[in-house]
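Reader: Hey, I've got a model open and I'm trying to make sense of its helices. Can you walk me through it?
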Amino acid sequence: MLEHVLVLSAYLFSIGIYGLITSRNLVRALMCLELILNAVNLNFVTFSDFFDSRQLKGNIFSIFVIAIAAAEAAIGPAIVSAIYRNRKSTRINQSNFLNK
């Protein structure tokens with residue numbers, strides 16, 4: 001069971017890293033960041049259950065990560081829409097934030 005979950009988590013993490021590196025769109029980069037955070041949460045819960053099932057340290061820490069991801073999911077699209085309104089593009093390589 002542990003190996004299957006770790007392989008799934010590594011797969012999700014690698015997809016997220018690949019998408020974050022190769023992404024040219026800000027929305028896609030935010031989605032890949034969410035994949036990375038979900039892979040980390042999966043590892044936290046799995047290791048917490050595997051090594052010490054009586055204490056919930058990994059589960060509690062994953063709740064904090066979920067709260068951070070929820071804040072990022074609320075604030076991220078607002079920032080992307082503000083950038084789109086000013087620059088008329090959401091492409092990462094066309095955005096130069098230091099000009100104006």
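Reader: Is V65 buried or exposed?

Author: V65 is buried: its relative accessible area is 12%, and the cut-off for buried is under 20%. Keep in mind that this is a predicted model.

Reader: Ok, and which helix is V65 in?

Author: V65 is part of helix α3.

Reader: What does V65 touch, apart from residues up to four places away in sequence?

Author: With those set aside, V65 touches L37, N41 and F44.

Reader: Where does N41 sit, then?

Author: N41 belongs to helix α2. It counts as buried too, because its relative accessibility of 9% falls under the 20% cut-off. Looking from N41, and ignoring neighbours within four places in sequence, the contacts are S62, V65 and I66.

Reader: Which other residues of α3 are buried?

Author: The buried set in α3 is G58, S62, V65, A69, E72, G76, V80 and I83. Part of what covers them is α2, residues 26–51.

Reader: Why would buried residues be spaced out like that along a helix?

Author: An α-helix has 3.6 residues a turn, so residues three or four places apart point the same way.

Reader: Cool. What about G58, how buried is that one?

Author: G58 has a relative accessible area of 11%, so it counts as buried. G58 is in helix α3 as well.

Reader: Which residues does G58 contact, leaving aside neighbours within four places in sequence?

Author: Those are F44 and S48. The C-alpha atoms of G58 and S48 are 4.8 Å apart, while the two residues are 10 places apart along the chain.

Reader: And what's S48 up to?

Author: S48 is in helix α2, and at 10% relative accessibility S48 counts as buried. Not counting residues up to four places away, S48 touches S53, Q55, L56, K57, G58 and N59.

Reader: Back to V65 for a sec. How far is V65 from P77, C-alpha to C-alpha?

Author: They are separated by 18 Å, with their positions 12 residues apart along the chain.

Reader: How does the span of α3 compare with what you'd expect?

Author: The two agree: helix α3 covers residues 57–87, which makes 31 residues, so at 1.5 Å a residue it should span 45 Å, and its end C-alpha atoms are 44 Å apart.

Reader: What comes right after α3?

Author: K88 follows α3, and the phi of K88 is positive, near 60°.

Reader: Same length question for α2: how many residues, and how far does it reach?

Author: α2 has 26 residues and reaches 38 Å from first C-alpha to last, close to the expected 38 Å.

Reader: What do the buried residues of α2 pack against?

Author: They pack against α1, residues 2–22, and α3. The buried residues of α2 are L26, A29, C32, I36, A39, N41, T46 and S48.

Reader: What caps the N-terminal end of α2?

Author: N25 does that: one of its side-chain oxygens lies 3.3 Å from the backbone nitrogen of V27.

Reader: New topic: the surface. Which residues make up the nonpolar patch?

Author: L56, I60, F61 and F64 make it, and the patch is about 420 Å². F61 lies in helix α3, and with a relative accessible area of 44% F61 is partly exposed.

Reader: Great, I'll go and find those in the viewer. Thanks!

Notes: Residues are numbered from 1 along each chain as its sequence is written. This is a predicted model: local features need pLDDT of at least 70, side-chain atom pairs count only at pLDDT 80 or more; totals for chains, interfaces and linings use all residues. Side-chain values use heavy atoms; hydrogens and water are left out. Helices (H or I, at least four residues) and strands (E, at least two) are DSSP runs, numbered from the N terminus. The expected span of a helix is 1.5 Å times one less than its number of residues. Buried means under 20% relative accessible area, exposed over 50%, partly exposed in between (1.4 Å probe, protein chains only). Contact means heavy atoms within 4.5 Å. Patches are made of residues with over 30% relative accessible area and no salt bridge: like charges are joined within 9 Å, nonpolar side chains (Val, Leu, Ile, Met, Phe, Trp, Tyr) within 5 Å. Accessible areas come from the Shrake-Rupley method with a 1.4 Å probe; for residues, only the protein chains shown count as cover. A salt bridge is a side-chain nitrogen of Lys or Arg within 4 Å of a carboxyl oxygen of Asp or Glu. A polar contact is a pair of N or O atoms within 3.5 Å; within protein, one must be able to donate a hydrogen and the other to accept it, and residues adjacent in sequence count only if both atoms are side-chain atoms.
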